[in-house]
Structures are given as structure tokens and as C-alpha cells.
Amino acid sequence: MPPKAHPTNRRGFLRIAGAATLAQPSVANRAARGSPSLTGPTPGLPSLKITDVHVIVTCPDRNYVLVKILTSEPGLYGVGDATLNGRELAVATTLEKHLAPLLIGRDPEAVEDTWQYLYRGPYWRGGPVQMTALAGVDLALWDIKGKRAGMPVYQLLGGRTRNGALCYTHASGSDLTEVEDAARRAIERGFKCVRAQVAIPGLEGTYGTARRKTSEEVAGRVPQQADLPQTELFEPGPYLRTVPKLFAHLRSALGEDVELLHDVHEKLLPVEAARLAKELEPYHLFFLEDPLRPEYKGSFRLIRQHSTTPIAMGELFNTLWDCVDLIKEQLIDFIRCDLGHIGGITNARKVAALAEAFQVRTAWHGPGDIAPPTHAANVHVDISIPNFGVQEMVFFPDVAREVMPGGPEFRDGYMMVSEAPGLGTDVNEELAKKYPYKRAYLPTARRQDGSVQDW
Ligand code: EZ4
Ligand code: CO
């Protein structure tokens, strides 16, 4: 994968864009030219054009895709994250081959217009690959806008509504005591909220906890191979019997003060999820995450009818419109989109505003397989909206922080963004080249009879 995009007809686009500025053509003329920008620079500032788009694929510890958008102002650029775990190269190709030619020559200040143009423009809209590519562009443009204004992005979004973003970390283990120990370590570190996952007895591997095997290895056909998907085993019976025991244990060991969360990872059927939410009620979860597959939103009604356990959903959603029904029917309490997979800040702030109207709070996805610019974007939005709930976070390893410096910092249970203009994150392109892409997949899951199970 070459690190840079070199659109073959880049000069052509620059020429067209330049002509458009000089001649002020009619809307119809501009529309005929492929990549028109709305005219008119910000008064008092020189006009700005996108001059190049670098797509950086790097694997400091795991694979990341970064987008660096350069402008006609020397030294002014923005950095976004376009990482989609397991499909990184599809997003990189979309950016290099399809989006970069549309961006070069455009006004980087027109963030909303560019979003609309790239979302609705291709006709084939949506889906995780395109929406992740769009998020990368969107974040880079917000970064540029902040740098140009001399302000951190949260100021552009309306300014502070809170001092920091309350956050949670993951505690997991192979048995109840191991999870308890991990939770205690997190609490000692300052966390007020902890997500707890435990291995399910009798099953090889459990989401968020243990070593996994490939499906071939599970079937006894081949030894484990590192660059093919690992397979977890899942059975709803043992899972549904174990999870309430975990939270009974944690509540009696840790008391009521710590907020506890659990991620179902879309594994259950509606009636199973309703049972789990009901049985977890005595342990007062902060939320039960992603209980159902994302396809049919109406299933969430069944959970609601049976339980007051707060429900969070959304890391697999790709647009604002995926969120509408769950929010307006108040079938969830937390909307937890991934800003890196729903087209960035531009779409997320609308999700947040929609949620505000229905007393739903945000809990943006914040795992290790999205890069620091998305984590920074999460926190810029978190601290500038009224209906923020909680923020998932990770500590990046040093090597990742060297390649992608400047992410939000953890302080006593909260995430803080830097006061630097823009998102406050960057990419070291030279260093990134030292860590080339390595093929990797997310795990898959199977039932004990060998059939496919949602991971
Ligand atoms: O499994 O980001 O809440 N966090 C999560 C994550 C997801 C990964 C998938 O790529 O569910 O850990
Ligand atoms: Co999750």
C-alpha cells in the first residue's frame, strides 16, 4: 500500500478549481465541473484549497489508517482517522482512489458541504467502508478548521459544558476473582466506571477475555494461524447463567459506588437479552451494551418491556438514520456510535442533538482499534454537549503514541483533550512507514455445533 495518494488528474482538478474562483461561474456551470466548492473565503483570511491527501496505513501495534489533508497554506493540514478493523485496505483504497480526487481543489472550510457531497454524491451511500472513509476526511477538516481558528474543536462546537469526559475501562478475567482483581486495579487507578467481562466456563474463548482459536483449529483440522480470524465459542445457556453471577459477585465485593457496565456484543436473541437485562436489575448496571444485532431495531422493545436495566446501543451503526427509531421511541438510554464509522463529528453532533430531545445520553465507542484522532473527536464532542453520558477509553501503547501523538489524556476518571488548536492529534508519517500493514482480522464466533454465531 503506497503511503500517498497520487490522483492521476490532480492538476486538472486544481486548474478547474482555480478557474471557478476567478470567473465566479453560475451554479449550473460549477455543477458541470465535477468538484465545485462553494465560493467565498472567510473575511479577513486568505482563501484556502485542499492541495493533497495522504493516506497512511500503519501497524505500530495493530493496523491503523490515517488521513492527512494538506492545504494551500504552508504548514496547515488536518489529520483524521479512517481505521476499520479487518477492512483497513478497503477504506484506504476508497480514500485514495475515490475520495482524494474529489477533495483536491475544494475549500477545506466547507465541512458540512463536503460531508453532504461525499455522503450523497456517490449515490451508493452509507456502509461501514464509505462511512469510515468519510469520518477520516471529516475529522481532518475539523482539525484544519480548529487550527485556522486557533481554537480546540470543542470551542467550535459551542464551548465547554463540563470539565472532562467521565470514562470507563475494561476489566476482564477467566473467573470471577480475576475480574474482581482487574476491577479493583482500575478503581485504584481512578476509574469510576468499569466494564466487566468474564470467560464462560466450558467454552473456548469468550468475547473480551481469553485466547481464541481459528475455526479450523476448533474443528481440529489445522494448527492456529496468526493472520486468519480466530474463533470464539459461544452458547447462550452458559453465558446467561454466568453473567448475573459475575455482577452479584462484583457488587458484593466492590459495593455500590463503582459504576458497572457489561458488553453483550450483539450476541443474544431478543428474549434472551430481555431475560439477562431483567436478571441484572438488582446489580444496577450503568448500562448493558449492544444486547442485540443491529438489523432489526424493533426487537429492543422486548427488552424494554421486561426490565429497567439501562440499555446502550450503536457501535455498529453507520449513520444518523440508524439511530433515529431507537432514540425517538426511547428504546435505549445511551447511543454509542463510533465517530470513526458514522462519518465523524459532523454526523455525531446531529446524533447527539437528536438524542438530547429524547433524554438519551451519549456513550461513543472508544476501543483500541480506532486511532487517537477519533478518541480526541469523542472527547471534543463529549465536553461540548449537554447530554453526554460516559466515554469508553483505552491506554495506547507507547509505540502507537509515537506514531500518532497527542490523544486525549486520562485524569482521575475523566478524559481531557489538549487545548491545542484543532483536534490536538497528529501523525508521524516517517515513523509510520517503519510499521507496515500486517493482515489481521477480527475474531469470528461459532456455536458448539459448528454454526456461525454473531461475534
Ligand atoms: O469489539 O472495536 O465496546 N467495545 C467494543 C470493541 C469492539 C471492537 C471491534 O472492532 O465492543 O472492543
Ligand atoms: Co462494544
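**Close-up views of the cavities and the ligand 1 site**

**Figure 1. The largest cavity of the predicted model has a volume of about 50 Å³.** It is one of 2 cavities of 30 Å³ or more. The lining consists of Gln197, Val198, Thr206, Tyr207, Tyr239, His262, Asp263, Val264 and Lys267. Two or more of these residues come from each of the elements β5 (193–198) and β8 (259–263). By class, the lining of the largest cavity comprises 4 nonpolar, 3 polar and 2 charged residues.

**Figure 2. The second largest cavity has a volume of about 30 Å³.** His375, Asn378, Val379, Gln391, Glu392, Met393, Pro408 and Met415 form its lining. At least two lining residues are supplied by each of α14 (372–382) and β13 (391–392). The largest share, 3 residues, belongs to α14. The lining of the second largest cavity divides into 4 nonpolar, 3 polar and 1 charged residues.

**Figure 3. Ligand 1 is surrounded by 14 residues.** Those that come nearest are His265, Glu289, Glu315, Asp369 and Glu392. In the shell around ligand 1, 7 residues are charged, 4 nonpolar and 3 polar. Glu392 also appears in the lining of the second largest cavity.

**Figure 4. Side chains of Glu289, Arg336 and Glu392 each place an N or O atom close to an oxygen atom of ligand 1.** The separation is 2.8 Å for Glu289, 2.9 Å for Glu392 and 3.1 Å for Arg336. Ligand 1 taken alone exposes 320 Å², of which the protein buries 87%.

Methods: Residues numbered from 1 in each chain as written. Chains lettered and ligands numbered in written order. Predicted model: local features only at pLDDT ≥ 70, side-chain atom pairs only at ≥ 80, totals over all residues. Heavy atoms only, no water. Near = heavy atom within 4 Å. Polar contact = N/O pair within 3.5 Å; in protein donor to acceptor, adjacent residues only side chain to side chain. Areas by Shrake-Rupley, 256 points an atom, 1.4 Å probe, with all protein chains shown as cover. Nonpolar A, V, L, I, M, F, W, Y, C, P; charged D, E, K, R; others polar. 1 Å grid on protein atoms, 1.4 Å probe; cavity = no way out; pocket = protein on both sides within 12 Å on 5 of 7 lines; lining within 4 Å. Points joined across faces, edges and corners; volume = space filled by probe spheres on them. Helix = DSSP H or I, 4+ residues; strand = E, 2+ residues; numbered from the N terminus.
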